[in-house]
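Visitor: I have a model open and I'd like to learn how to read it. Can you walk me through it?

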Amino acid sequence: MSTVTSPSKSAQTRTRILDAAASLFRQVGYGAASLRDIAQKADMQAGSLYYHFDSKDELAEAVMLAGVEGSDAAVRGAVAALSPDASVLDRLEAAFEAHLTFLLSRSDYAVAMLRMLHQTPNSIQQRTLERQRDFGRFFGELFEMAKKEGVIKPALDLSALRMLIFGAMNWAPEWYSDSGLTPSDLAAQLRLLIES
């Protein structure tokens with residue numbers, strides 16, 4: 001009989017802090033959010049934050065990385081779950097849907113990351129951008145495969161395409177709630193835009 005272990009109290013508290021920080025960073029940005037405000041939103045004493053994070057910079061970086069890494073894990077997991085003979089367009093559509101689903105279900109992290117990226121110290125920006133580039137390379141490889149197989153419009157510039165698609169997907173939390181579309185519907189629409 002297997003047992004499912006629940007996260008430790010420390011891990012649960014850390015998650016609560018990250019959720020509160022992501023929400024506040026999304027609302028007011030990096031500069032206007034104070035550790036006191038974040039602690040209040042997390043329903044804890046400000047001094048207790050320092051047990052989990054040494055500074056606001058460290059907390060901001062953790063929020064941004066959680067956004068990138070959460071989406072990356074969701075996308076890679078969705079693509080890996082497809083059958084080995086899935087077409088590259090099926091893989092792209094699964095990747096689009098997973099990214100959109102993460103963005104829309106964890107939108108505080110996604111929007112906070114995008115909002116804070118150029119508000120944080122340069123060292124944090126560089127580490128976050130490198131992690132984003134790694135994630136983007138995964139999509140880039142899928143686009144390259146699709147172009148080699150001739151299943152996307154041949155005139156598309158792959159670098160521009162990747163940035164345009166990411167821009168469209170990353171903006172979804174701002175308008176999605178009243179759209180009446182599911183992440184699967186949106187992913188199918190993106191596929192239609194690029195399919196030859």
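Guide: Let's go from the overall fold to the core. Keep in mind that this is a predicted model.

Visitor: How many helices and strands does the protein chain have?

Guide: Start by listing the secondary structure elements in sequence order. Here the protein chain has 9 helices and 0 strands, so the pattern reads α-α-α-α-α-α-α-α-α. Its C-alpha trace spans about 55 × 50 × 35 Å along the principal axes.

Visitor: What share of the contacts links residues 24 or more positions apart?

Guide: Take contacts with a separation of 6 or more, then look at how far apart the partners sit in sequence. In this chain, 72% of those contacts join residues 24 or more positions apart.

Visitor: And what about burial and surface?

Guide: Of the 196 residues, 42% are buried, with under 20% relative accessible area as the cut-off. The chain exposes about 10,500 Å², and carbon and sulfur atoms supply 54% of that. As for charge, the mean positions of the 20 positive and 24 negative charges lie 4 Å apart.

Visitor: Which residues touch the most other members of the largest nonpolar core?

Guide: For a core, look for the members with many partners. This one holds 57 residues, and Phe25, Ile38 and Phe96 touch the most other members. Eight elements are worth colouring, as each supplies at least two residues of this core: helices 1, 2, 4, 5, 6, 7, 8 and 9.

Visitor: What does Ile38 touch?

Guide: Leaving aside residues up to four places away in sequence, Ile38 touches Ile17, Ala20, Ala21, Leu24, Phe25, Leu49 and Leu59. Phe25, then, is both a partner of Ile38 and one of the core's best-connected residues.

Note on methods: Residues are numbered from 1 along each chain as its sequence is written. This is a predicted model: local features need pLDDT of at least 70, side-chain atom pairs count only at pLDDT 80 or more; totals for chains, interfaces and linings use all residues. Side-chain values use heavy atoms; hydrogens and water are left out. Helices (H or I, at least four residues) and strands (E, at least two) are DSSP runs, numbered from the N terminus. Buried means under 20% relative accessible area, exposed over 50%, partly exposed in between (1.4 Å probe, protein chains only). Contact means heavy atoms within 4.5 Å. Accessible areas come from the Shrake-Rupley method with a 1.4 Å probe; for residues, only the protein chains shown count as cover. Lys and Arg count as positive and Asp and Glu as negative; His and the chain ends are not counted. The place of a charge is taken as NZ of Lys, CZ of Arg, CG of Asp or CD of Glu. A nonpolar core is a set of buried Ala, Val, Leu, Ile, Met, Phe, Trp, Tyr and Cys residues joined through side-chain atoms within 4.5 Å.
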